[in-house]
Amino acid sequence: MRASPLISGFDAVLADLDGVVYAGPAAIPGAVEALNKLADVNVKLAYVTNNASRTPAKIAAHLRELGAPADDDQVVSSAQAGAALLAQKLPQGSKVLVTGSTALAQEVQALGMAVVDGAADAPDAVIQGFDPELGWRDLAEATFAIKGGALWIATNTDMTIPQDRGIAPGNGTLVAAVRTAVGHDPLVAGKPEAPLFHTAASRLGAKAPLVVGDRLDTDILGGNNAGMATALVLTGVDSAEAALRSCTAQRPTFIIDSMAQLFTAYPDVTFDGGTVTCGAAAARTTTDSTGEQTVHIAGNPEDSDSWRAACAAWWAAVPDTDQATAPGLVWHTELP
């Protein structure tokens, strides 16, 4: 095991919010304390969020209410990224239908675009972001405008969003409804695209940032796309087993149980022939005569070291895949 804490190898943390810092209005246990400790070890902090329903200032205020360190400019949102993408594609004064929150509309207006009420106003673009108040009429109006030739941008395509009562539909589900009606995909501004992460790192002047997120398809994929180290934290949407089965582009550098583990030594993962060990756990991948592949794991399914070993063994066996994988999993007290 490395003697130094995991965080010692990095100069900044780029943290997701939903499922990492909070779920709904409440902080995830231990997250705020971990975020406050970053300053003690001279590690900078930014929040990178796909939630476009609130302004960065309101998000920062909420974080401060929870006790987390947060200046307004530490929050980098997909609403900002979406508005910036609009500005790249269209001149100032262009008409934009905002299918989303007031916060998203403010970002669009701040870049010199004219926000219009509906498809009848012949918008040049539709920008779609999450707002829990969106309904069928809003999605229909967006569809009419896009079918009429408007450019379509989505702030993000997260299919789910963690709430205090559990996992709820996210912006991606609403984008999917419009996609079904218009027959093509939108341009996507936020995660998993790399610019959001580069913007956050640039604001901090960070050279070696660590992306911390709970979603493989946005946080981890986005951090990987940006060429940054990534840590999947198991307090939100995705599990360690989901990481094991993920395609290559969505595989995290680290798997941690909570933000507190940023300040502990990350266990070494070692290879001895075909056997991988991590802590007291071990794993090996086998292939039978029919070609069926199985990951054998000696350990406890509740222990993340078991999953770290299993991931390393499986990823070594299948190093390059653009599809999710489905190996068999067999648990043992000792490897056969």
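Student: Why does Trp 307 count as buried?
Tutor: The relative accessibility of Trp 307 comes to 10%. The cut-off for buried is under 20%, so Trp 307 makes it into that class. Keep in mind that this is a predicted model.

Student: And what makes Trp 331 count as partly exposed?
Tutor: Trp 331 has 29% relative accessibility. Buried needs under 20% and exposed needs over 50%, so Trp 331 lands in between and is called partly exposed.

Student: How many aromatic pairs are there?
Tutor: Three, going by the ring-centre rule.

Student: Why is the pair of Phe 10 and Phe 254 called edge-to-face?
Tutor: Check two values, since a pair of aromatic rings is described by the distance of the centres and the angle of the planes. The centres of Phe 10 and Phe 254 are 6.2 Å apart, and the limit for a pair is within 6.5 Å. Their planes stand at 85°, and edge-to-face asks for over 60 degrees, so the name fits Phe 10 and Phe 254.

Student: What makes this a link between distant parts of the chain?
Tutor: Phe 10 belongs to the segment before E1, while Phe 254 sits in strand E15, and 244 residues separate them.

Student: How do you know that Phe 10 is buried?
Tutor: Phe 10 comes out at 17% relative accessibility. With the line drawn at under 20%, Phe 10 therefore counts as buried.

Student: Why is Phe 254 called buried?
Tutor: Phe 254 has a relative accessible area of 11%. That is under 20%, so Phe 254 gets the label too.

Student: What makes Trp 307 and Trp 331 an edge-to-face pair?
Tutor: Their centres are 5.3 Å apart, where within 6.5 Å is needed. The angle between the planes is 75°, and the edge-to-face class starts at over 60 degrees. This pair, too, links distant parts of the chain: Trp 307 is in helix H10 and Trp 331 in strand E20, 24 residues apart.

Student: Which residues do ring pairs link into a cluster?
Tutor: Phe 10, Phe 254 and Tyr 266.

Student: How do you know that Lys 37 lies over the face of Phe 263?
Tutor: Lys 37 is 4.4 Å from the ring centre of Phe 263, and the distance limit is within 6 Å. There is also a limit on direction, within 35 degrees of the ring normal.

Student: How many disulfides does a search of the whole structure find?
Tutor: Zero.

Student: Why is there no bond between the sulfur of Cys 278 and that of Cys 311?
Tutor: The closest cysteine sulfur to that of Cys 278 is in Cys 311, 10.0 Å away. A disulfide takes two sulfurs within 2.5 Å, so these are too far apart for a bond. Cys 278 also counts as buried, because its relative accessibility is 0%. Cys 311 is in no disulfide either, and at 1% relative accessibility Cys 311 is buried as well.

Student: What is the order of the strands in the open sheet of six?
Tutor: The order is E5-E4-E1-E13-E14-E15, and the pairing is parallel.

Student: What makes E5 and E15 the edge strands?
Tutor: Each of them pairs on one side only. From one strand to the next, the twist averages 25°.

Student: How do you know that E1 and E13 pair?
Tutor: They share four bridges, in the parallel sense, and at least two are needed. E1 does the same with strand E4, again over four bridges. Ala 15 stands opposite Tyr 47 in E4, and opposite Val 212 in E13.

Student: What makes both faces of E1 covered?
Tutor: Ala 12 and Leu 14 on one side, and Val 13 and Ala 15 on the other, are all buried.

Student: Why is Ser 77 called buried?
Tutor: Ser 77, in strand E5, has a relative accessible area of 0%. The cut-off is under 20%, so Ser 77 is buried. Beyond its neighbours within four places in sequence, its contacts include Thr 49 and Leu 196.

Student: And why does Arg 165 count as exposed?
Tutor: Arg 165 is in the loop between strands E10 and E11, with 84% relative accessibility. Exposed means over 50%, so Arg 165 qualifies.

How values were computed. Residues numbered from 1 in each chain as written. Predicted model: local features only at pLDDT ≥ 70, side-chain atom pairs only at ≥ 80, totals over all residues. Heavy atoms only, no water. Helix = DSSP H or I, 4+ residues; strand = E, 2+ residues; numbered from the N terminus. Axes fitted to C-alpha atoms, helices over the stretch in contact; angles between N-to-C directions. Phe/Tyr/Trp six-rings, centres within 6.5 Å; stacked < 30°, edge-to-face > 60°. Buried < 20%, exposed > 50% of the residue type's maximum accessible area, 1.4 Å probe, protein only. Contact = heavy atoms within 4.5 Å.
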